[in-house]
Amino acid sequence: MHYVPLLCLLSAMSLPLLAGCESLQPREVSTESNPPAITRAVRMDANVRTDGALKPEAEEEANPETASDGYGNVWQRLRDSFQLDLESKDKRVRSQLAWYSRNQSYMDRTAERARRYLPYIIREIEKRDMPGELALLPLVESAYDPFAYSHGRASGIWQFIPATGRAFGMKQNWWYDGRRDIISATQGALSYLDELASRFDGDYELALASYNAGAGRVLRAMRRNERQGKPTDYWSLNLPAETRHYVPKLIALARIVADPQAHGIRLEPIPDDPYFEVVDIGGQLDLAQAAKMAGVDVNEIYRLNPGFNRWATPPDGPHRLLVPSDSAQQFRQALTSLPDGQRVSWRNYTVQSGDTLISIARSFNTTPDVIRQHNDISGHTIRSGERLLIPAAGNDSNAYALSESNRRAARQASAGGEGQNRIDYRINPGDTLWDIASAHGVSVSKLASWNNLAPGDTLRPGDTLAIWTDEQQPRNERREMVRRVGYTVRSGDSLRYIANRFNVGVSQIAQWNNINTQDYLQPGQQLKLYVDIRNAH
């Protein structure tokens with residue numbers, strides 16, 4: 001369990017953990033949106049059983065090997081850990097039940113993803129004596145997609161935003177995002193929920209609402225009801241629409257798990273045995289090599305370790321790898337015999353004139369800090385002719401299909417509509433999504449969606465964004481036509497003169513530089529322009 005200072009913890013609890021559960025639109029490979037809120041009510045199921053006595057036919061057919069603690073199926077174990085009141089007759093619960101009951105294929109897909117993580121999450125919940133229903137929360141949050149990413153910058157199966165993730169000890173850097181790490185995020189989410197439940201005197205409905213919207217917002221709604229002489233339970237509060245449907249979704253899912261046959265749902269059997277083991281790897285390791293050592297596909301390694309952004313585990317840790325349980329012994333044996341120098345591949349590189357640590361790092365898909373560390377470099381200075389030893393991926397980039405860059409490339413390639421043309425834009429220092437979207441006549445939300453980004457994300461100079469437009473270009477014409485240009489205002493310049501020179505609009509220049517079209521320009525003033533190089537004079 002990760003502890004944080006009390007002030008930090010209280011601050012974290014006042015933050016909304018997820019910006020947009022219902023509006024969540026994960027934009028990674030194999031992502032899926034949550035069911036929409038449905039207003040049409042249907043008849044509620046009668047006599048819902050939560051005592052774990054039911055054994056659906058689908059689960060009896062599987063008959064997996066019984067685990068040492070007596071459970072052969074994860075759904076049975078989950079039922080026996082239920083603690084919440086599932087008897088609500090609220091129409092919001094009924095509408096969510098109706099949606100899930102009509103969507104067997106959705107339940108199948110989410111159960112297939114959840115099979116890797118559920119046995120671990122349920123056991124962690126049991127250790128804390130928390131309600132077992134919480135193991136279904138990632139289904140509400142992310143459809144159990146470890147690569148889910150929302151417009152509000154929430155990431156992973158538990159959908160932590162950056163600030164709350166950091167408050168609960170989840171490192172986030174170029175190599176690694178702890179919000180997607182199954183172990184770190186699960187521990188953080190359960191600690192957060194436990195603190196919220198304590199804050200609301202054990203009321204998990206209010207704790208769940210706070211997980212979604214922030215404890216401060218829930219407390220304000222409660223105080224408002226108190227002043228008006230109204231009840232202060234979750235069902236009586238005036239909360240954002242997303243939060244009003246958040247708890248009903250979880251309750252609806254729990255009722256389906258409690259009695260799937262009553263809702264016409266077949267839960268695919270999931271063995272209760274732990275799906276993965278945690279192996280201490282002691283240092284950085286190429287993920288494709290790790291997959292070969294374990295005898296599994298590299299995509300399986302990424303799905304068990306979705307916090308790893310690149311081709312290898314982070315050089316500064318965490319130095320652990322989740323591998324399938326039936327491959328753990330083979331992997332450990334291979335790891336024991338692996339020489340330290342073969343954990344990653346190494347490249348010799350001779351510094352060329354004009355090279356920088358940043359440009360070299362980008363070429364080898366690593367970071368300047370890693371190059372400094374392995375070459376005893378202090379500062380930023382390198383000299384032409386100097387030889388560097390650089391750790392690099394041992395396979396072609398296509399071998400790491402679920403790395404962050406390849407997930408983004410897959411999204412960029414598939415995002416355009418029929419008949420649309422793709423423009424590739426190389427990010428310059430100081431660029432923002434708003435600037436680039438404005439320059440190309442598209443919305444920020446679309447530009448972000450095309451590139452697996454959230455509107456508030458910081459851009460990385462040198463990266464490429466895909467922009468899809470309805471304008472057609474000849475096949476032999478270059479894709480990248482728009483460039484960012486820095487312009488220094490000269491004596492006598494006006495916005496209209498500059499706009500005519502670069503064939504852009506006066507209002508565009510004003511927008512790009514946050515100035516008024518009536519303002520006088522000052523000689524020496526710096527302007528940024530987004531110019532179509534075909535049309536500039």
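So, cavities: a search of the whole structure, which is a predicted model, turns up two of them at 30 Å³ or more. The largest cavity has a volume of about 70 Å³. Its lining is made up of Tyr176, Asp181, Ile182, Ile183, Leu304, Asn305, Pro306, Gly307, Phe308, Pro318, Arg320 and Leu322. Two elements give two or more residues to that lining, helix α9 (182–199) and strand β2 (320–324). By character, the lining of this cavity splits into eight nonpolar, two polar and two charged residues.

Now the second largest cavity, where about 50 Å³ of space lies. Around it you will find Trp75, Met107, Thr110, Ala111, Leu136, Leu139, Leu253, Val257 and Leu267. Here α5 (104–114) and α13 (246–258) each supply at least two lining residues, and α5 has the largest share, with three. What about charge in this lining? There is no charged residue here, just eight nonpolar and one polar.

Let's move from cavities to the largest pocket. About 1200 Å³ of space lies in it. It is lined by 47 residues, and the closest to its centre are Arg310, Glu404, Arg408, Arg460 and Asp463. The elements that give two or more residues to the lining are α8 (162–167), α17 (357–363), α19 (404–414) and β6. Which of them gives the most to the lining? That is α19, with seven residues. If you like to think in terms of chemistry, the pocket lining divides into 13 nonpolar, 18 polar and 16 charged residues.

Strand β6 (residues 464–469) takes us to its partner, β5. The two run antiparallel and are joined by six bridges. If you want a landmark on the screen, find aspartate 424, which stands opposite alanine 466 in β6. Is strand β5 (residues 421–426) enclosed or open? Five of its six residues are buried, so β5 is largely enclosed by the rest of the structure.

Follow the chain onward from β5 and you come to aspartate 431, in the loop between β5 and α20 (433–440). Why does aspartate 431 count as buried? Because its relative accessibility is 8%, and the cut-off for buried is under 20%. Its side chain has polar company: there is a polar contact with the side chain of tyrosine 425, at 2.8 Å. The backbone nitrogen of asparagine 428 also lies 2.8 Å from a polar atom of the aspartate 431 side chain. Setting aside neighbours within four places in sequence, aspartate 431 is in contact with Tyr425, Arg426, Ile436, Leu459, Arg484 and Tyr530.

One last stop, helix α14 (residues 287–294). Six of its eight residues are buried, so this helix, too, is largely enclosed by the rest of the structure. Those buried residues are Leu287, Ala288, Ala290, Ala291, Met293 and Ala294. And what covers them? The cover includes α15 (298–304), α16 (328–336) and β2, the strand we met in the lining of the largest cavity.

Have a look at both ends of α14 as well. At the N-terminal end, aspartate 286 acts as the cap, with a side-chain oxygen 2.8 Å from the backbone nitrogen of alanine 288. Just after the helix, glycine 295 takes a positive phi of about 75°.

That's the tour, and I'm happy to go back to any of these places on the screen.

Conventions. Residues numbered from 1 in each chain as written. Predicted model: local features only at pLDDT ≥ 70, side-chain atom pairs only at ≥ 80, totals over all residues. Heavy atoms only, no water. Buried < 20%, exposed > 50% of the residue type's maximum accessible area, 1.4 Å probe, protein only. Helix = DSSP H or I, 4+ residues; strand = E, 2+ residues; numbered from the N terminus. Pairing = 2+ DSSP bridges. 1 Å grid on protein atoms, 1.4 Å probe; cavity = no way out; pocket = protein on both sides within 12 Å on 5 of 7 lines; lining within 4 Å. Points joined across faces, edges and corners; volume = space filled by probe spheres on them. Nonpolar A, V, L, I, M, F, W, Y, C, P; charged D, E, K, R; others polar. Polar contact = N/O pair within 3.5 Å; in protein donor to acceptor, adjacent residues only side chain to side chain. Contact = heavy atoms within 4.5 Å.
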